[in-house]
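Hi,

Here is the structure I promised to pass on. Have a look at it first, and then read my notes below.

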Amino acid sequence: QVQLVESGGGLVQPGGSLRLSCAASGRTFTINAMGWYRQAPGQERELVATITSGGSSNYADSVKGRFTISRDNAKNTMYLQMNSLKPEDTAVYYCNAVLVVSIEGTLEVWGQGTLVTVSS
C-alpha cells in the first residue's frame with residue numbers, strides 16, 4: 001500500500017513561482033515512475049511531467065522551460081518547481097506513482113491534489 005500527499009499549492013501572481021511536494025508513504029520500495037498531473041476548471045486531467053526511478057524526465061509542451069520535476073528517493077518525496085507561472089497554469093495538481101507489483105504488471109496511485117491559483 002502506498003499513499004501520496006501533495007502540498008505547496010496556493011495563490012501566486014503571474015510570473016511568480018511555487019514548489020509542490022508529494023510525500024509518499026507505505027510500500028515506497030515498489031514505486032517506479034512518478035508524475036504530476038493537473039486539472040483546470042472545465043478541463044480534462046492532463047499530464048504535466050513524469051520522472052523515472054533513474055531520474056529521466058519528460059514534460060508537457062505547455063510547461064517546458066518553466067517547470068522542473070525532481071525526486072529525492074531517500075526522503076520518498078517528489079517535487080515540481082514551477083517558475084514563470086501563468087494564469088493558464090491554474091489547476092488542481094495531482095501526484096501520481098506507478099507501482100511495480102510483478103515482473104509484468106503495474107498499478108498506479110494518486111494523491112488528493114493541491115490547488116494552484118495564478119492570478120493578479
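**The core**

The largest nonpolar core holds 28 residues, and the ones with the most contacts inside it are Leu4, Met34, Trp36, Leu80, Met82 and Tyr93. By nonpolar core I mean a set of buried Ala, Val, Leu, Ile, Met, Phe, Trp, Tyr and Cys residues joined through side-chain atoms within 4.5 Å. Buried, in turn, is under 20% relative accessible area, exposed is over 50%, and partly exposed is in between (1.4 Å probe, protein chains only). The elements that give two or more residues to this core are β1 (2-7), β3 (18-26), β4 (31-39), β5 (46-51), β7 (67-72), β8 (77-82), β9 (91-100) and β11 (114-118). Strand β9 supplies the largest share, five residues. As background, nonpolar side chains in soluble globular proteins tend to be buried together.

Before you go further: this is a predicted model, where local features need pLDDT of at least 70 and side-chain atom pairs count only at pLDDT 80 or more, while totals for chains, interfaces and linings use all residues. Residues are numbered from 1 along each chain as its sequence is written, and side-chain values use heavy atoms, with hydrogens and water left out.

**The chain as a whole**

The secondary structure comes to zero helices and 11 strands, so the pattern along the sequence reads β-β-β-β-β-β-β-β-β-β-β, with helices (H or I, at least four residues) and strands (E, at least two) taken as DSSP runs numbered from the N terminus. For 120 residues, a compact globule would have a radius of gyration near 14 Å, and the protein chain agrees, because it has 14 Å. That radius is taken over C-alpha atoms, and the globule rule is 2.2 Å times the number of residues to the power 0.38. Along its principal axes, the C-alpha trace spans about 45 × 25 × 25 Å.

Buried residues make up 38% of the 120 residues. The accessible surface comes to about 6,600 Å², with 48% of it belonging to carbon and sulfur atoms (Shrake-Rupley method with a 1.4 Å probe; for residues, only the protein chains shown count as cover). Among contacts (heavy atoms within 4.5 Å) between residues at least 6 apart in sequence, 54% join residues at least 24 apart.

As for charges, the mean positions of the 9 positive and 9 negative ones are 7 Å apart. Lys and Arg count as positive and Asp and Glu as negative, with His and the chain ends not counted; the place of a charge is NZ of Lys, CZ of Arg, CG of Asp or CD of Glu.

**Residues worth clicking on**

What does Tyr93 touch, not counting residues up to four places away in sequence? The list is Glu6, Leu20, Trp36, Tyr37, Arg38, Val48, Phe67, Leu80, Met82, Gly113, Thr114 and Val116.

Phe67 sits in strand β7 and is buried, because its relative accessible area is 3%. With the residues up to four places away again left out, Phe67 touches Arg38, Val48, Tyr59, Leu80, Gln81, Met82, Asn83, Leu85, Asp89 and Tyr93. Its C-alpha is 9.7 Å from that of Leu18, and the two are 49 residues apart along the chain.

Ser21 belongs to strand β3 and counts as buried, at 16% relative accessibility. Leaving aside neighbours within four places in sequence, Ser21 is in contact with Val5, Glu6, Ser7, Trp36, Thr77, Met78 and Tyr79.

**In the loops**

Asn76 lies in the loop between β7 and β8 and is partly exposed, at 30% relative accessibility. Asn76 is not a glycine, yet has a positive phi of about 55°. Not counting residues up to four places away in sequence, Asn76 touches Cys22, Ala23, Ala24 and Thr28. The C-alpha atoms of Asn76 and Phe29 are separated by 9.2 Å, at 47 residues apart along the chain.

Ser84, in the loop between β8 and β9, has a positive phi of about 50° and is not a glycine either. Ser84 counts as partly exposed, at 43% relative accessibility.

Lys86 is found in the loop between β8 and β9 and is partly exposed, at 36%. Outside the residues up to four places away, Lys86 touches Arg66 and Val118. From Lys86 to Gly26 is 35 Å, C-alpha to C-alpha, with their places 60 residues apart in sequence.

Cheers
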